Amino acid sequence: MRTPSLLLAALLVPACVLAAEPDYATIRMEIDIAKPADQVWAKVGKYCDISEWLSVDCKITSGDGGVGTVRVLAGGRVNEILVAKTDLSYGYTQPVREGQFYNLYHGFMEARPVTRTTSKIIYTLMLDESDKADKAAKEADLAQRRTRFEAALQKMKQIAEGTATPAK
């Protein structure tokens, strides 16, 4: 008896691909900065500057700062791979972790010039929320992420404008 090719293909596809229908969400945040974009980026745009503005430890485990560089955050609990980079921006993703739901998490941060002397930081997160139990759980997760990253944007503004209080 021949196995239908569709059934055979389904058996060969990894389980993570057979997850629920994706429910992609985007969180776009921005903050105005009273400094030129290149100066802002010099203060907050290095790949491990995240340790300063998100208060999380960061270590580069491979790469030279270009696309493909891997940073490890929070004592190894989070891995992020640099997947895009320009002079004033970068994008990253988190890889699949065995035995965990893959939410396709991506982040993108940019210092965008507004005038010769001002700029804004734009931070965008994108992820699949289909693993959440219901709409309330999805909204709570997105609100928590927005709150955390808006606080990080405030800290970036302080660092870039030179008004940050030194760490003790």
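Two strands count as paired when DSSP finds at least two bridges between them. With that in mind, start at one hairpin: β4 and β5 have two residues between them. The pair runs antiparallel and is joined by five bridges, and one place to spot the pairing is K85, which stands opposite Y90 in β5.

Before going further, a word on what you're looking at. This is a predicted model, with an average pLDDT of 90 over the protein chain. Of the residues, 86% score at least 70. The stretch to be wary of is residues 1-13, where pLDDT stays under 50. For those residues the model has three contacts beyond four places in sequence. Where pLDDT is low, the predicted coordinates shouldn't be read in detail.

Now zoom out from that hairpin. What order do the strands of the sheet come in? There are seven of them in an open sheet, and they go β1-β7-β6-β5-β4-β3-β2, with antiparallel pairing. At the edges sit β1 (24-33) and β2 (58-62), each pairing on one side only. Neighbouring strands are turned by 25° against each other on average, ignoring direction.

Let's walk along the sheet from the β1 edge. β1 pairs with β7 (residues 119-128) in the antiparallel sense, over ten bridges. Look for I27 here: it stands opposite L125 in β7. Next along, β7 pairs with β6, again antiparallel, over eight bridges. In this pairing, H106 has M126 of β7 as its bridge partner. The chain gets from β6 to β7 by a hairpin, through five residues.

Keep going and you reach β5, which is joined to β6 by five bridges and runs antiparallel to it. A handy landmark is S89, standing opposite E110 in β6. Then comes the β4 and β5 hairpin where we began, and past it β4 pairs with β3 (residues 70-73). That antiparallel pairing has four bridges. One of the matches is R71 with E80, its bridge partner in β4. The hairpin of β3 and β4 has four residues between the strands, and in it A74 takes a positive phi near 55°.

While you're tracing strands, it helps to know that in a regular strand the side chains alternate between the two faces of the sheet.

So which helices go with the sheet? Helix α2 (residues 37-44) lies across β1, β5 (89-93), β6 (106-113) and β7, and runs at about 140° to β6. Helix α4 (residues 135-161) packs on the sheet too, touching β1, β5, β6 and β7. The direction of α4 makes about 25° with that of β1.

Last stop: the largest pocket, with a volume of about 560 Å³. Which residues are the closest to its centre? Of the 22 that line the pocket, they are V78, E80, Q94, Y105 and R145. You've met E80 already, as the partner of R71. The elements that give two or more residues to the lining are β4 (78-86) and α4. The largest share, four residues, comes from α4, the helix that also touches β1, β5, β6 and β7. By class, the lining has twelve nonpolar, five polar and five charged residues.

Technical notes:
Residues are numbered from 1 along each chain as its sequence is written. This is a predicted model: local features need pLDDT of at least 70, side-chain atom pairs count only at pLDDT 80 or more; totals for chains, interfaces and linings use all residues. Side-chain values use heavy atoms; hydrogens and water are left out. Axes are lines fitted to C-alpha atoms, for helices over the stretch in contact, and angles run from 0 to 180 degrees between N-to-C directions. Contact means heavy atoms within 4.5 Å. pLDDT is the predictor's confidence in each residue, from 0 to 100. On a 1 Å grid over the protein atoms alone, a cavity is a set of points where a 1.4 Å probe fits but cannot get out, and a pocket is an open set with protein on both sides within 12 Å along at least five of seven lines; lining residues have an atom within 4 Å of a point. Grid points are joined across faces, edges and corners, and a volume is the space filled by probe spheres set on the points. Ala, Val, Leu, Ile, Met, Phe, Trp, Tyr, Cys and Pro count as nonpolar, Asp, Glu, Lys and Arg as charged, and the others, Gly among them, as polar.
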